[in-house]
Amino acid sequence: QWESANCSEGQYVVLFPGSWEDKTRNIKDPNGRLISNNRVCDEYNGHFEVTYIDYPKHSPEDDAVVLGSEIDVLVEFHGCQPDLEQPITLKAPDDQVFAGRELSFQLLDDRVRRYRIYIVKNRLFLVWAEVYSEKRAPDAMKFLTSFRLIGNIPKQGWPSQYLPEEPKPDRRTAVPSKKEDRGTAVPEKK
């Protein structure tokens, strides 16, 4: 029951092996906080997800640095180097080609995680699948290879800005609660 999921805001289409849900969360970037947009499917003995993040500034010379830092995050998360790491590309409908990397991690309990990371102008896509046995690895590849860009890619990229910092609680203004007066008897002076 593979279903085509067309995300017009993210400008992509992908096949999911079941129903999906959309989620957003804030992520911490060295320069501030950004919104991460996620489409997630937990079905068919696996986890399938597409995440995209729009960065406020983009320079094509930084693409390799951004890809490298994303790979470093995944390596740190898994605590090991990937079993597979290779360069890949993603073609847009207007024939532009964008850089990417594919990585695969074999986990100790036979789970397999495969990632594809792409940089499209100022948008970073993280397309990944986790399947719970080696027999399901073809499902992960079917999902990953079905990912396509749709629509027109903006020349300057997508609008984005860093979110304002969340207010931190002021610990100095906390007022301790008063203890109840229990009517302690005070001896009278004689």
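These legends describe close-up views of a predicted model.

**View 1. The aromatic pair Phe105 and Tyr115.** A pair of aromatic rings is described by the distance of the centres and the angle of the planes. The centres of Phe105 and Tyr115 lie 6.0 Å apart. Their planes meet at 85°, which makes the pair edge-to-face. Phe105 belongs to strand β7 (residues 97–106) and Tyr115 to strand β8 (residues 112–120), so the contact ties together parts that are ten residues apart in sequence. Both Phe105 and Tyr115 are buried. With centres within 6.5 Å as the cut-off, the model holds twelve aromatic pairs.

**View 2. An aromatic cluster of Trp2, Phe16, Trp20, Phe48 and Phe143.** These five residues form one cluster: two are Trp (Trp2 and Trp20), and the others are Phe16, Phe48 and Phe143. Phe16 also falls in strand β2 (residues 12–16), a strand shown again in View 4.

**View 3. Arg123 over the ring of Trp158.** Arg123 lies over the face of Trp158. The distance to the ring centre is 3.8 Å.

**View 4. The open sheet β1-β2-β10.** Three strands make up this sheet, and their pairing is antiparallel. Strands of a sheet pair through backbone hydrogen bonds, either parallel or antiparallel. The edge strands are β1 (3–7) and β10 (148–149), each pairing on one side only. In the strand order, β2 stands between β1 and β10.

**View 5. Strand β2 against β10.** Strand β2 (residues 12–16) runs antiparallel to β10. Two bridges join them. Across this pairing, Tyr12 stands opposite Leu149 in β10.

Notes: Residues numbered from 1 in each chain as written. Predicted model: local features only at pLDDT ≥ 70, side-chain atom pairs only at ≥ 80, totals over all residues. Heavy atoms only, no water. Phe/Tyr/Trp six-rings, centres within 6.5 Å; stacked < 30°, edge-to-face > 60°. Buried < 20%, exposed > 50% of the residue type's maximum accessible area, 1.4 Å probe, protein only. Lys NZ or Arg CZ within 6 Å of the ring centre and 35° of its normal. Pairing = 2+ DSSP bridges.
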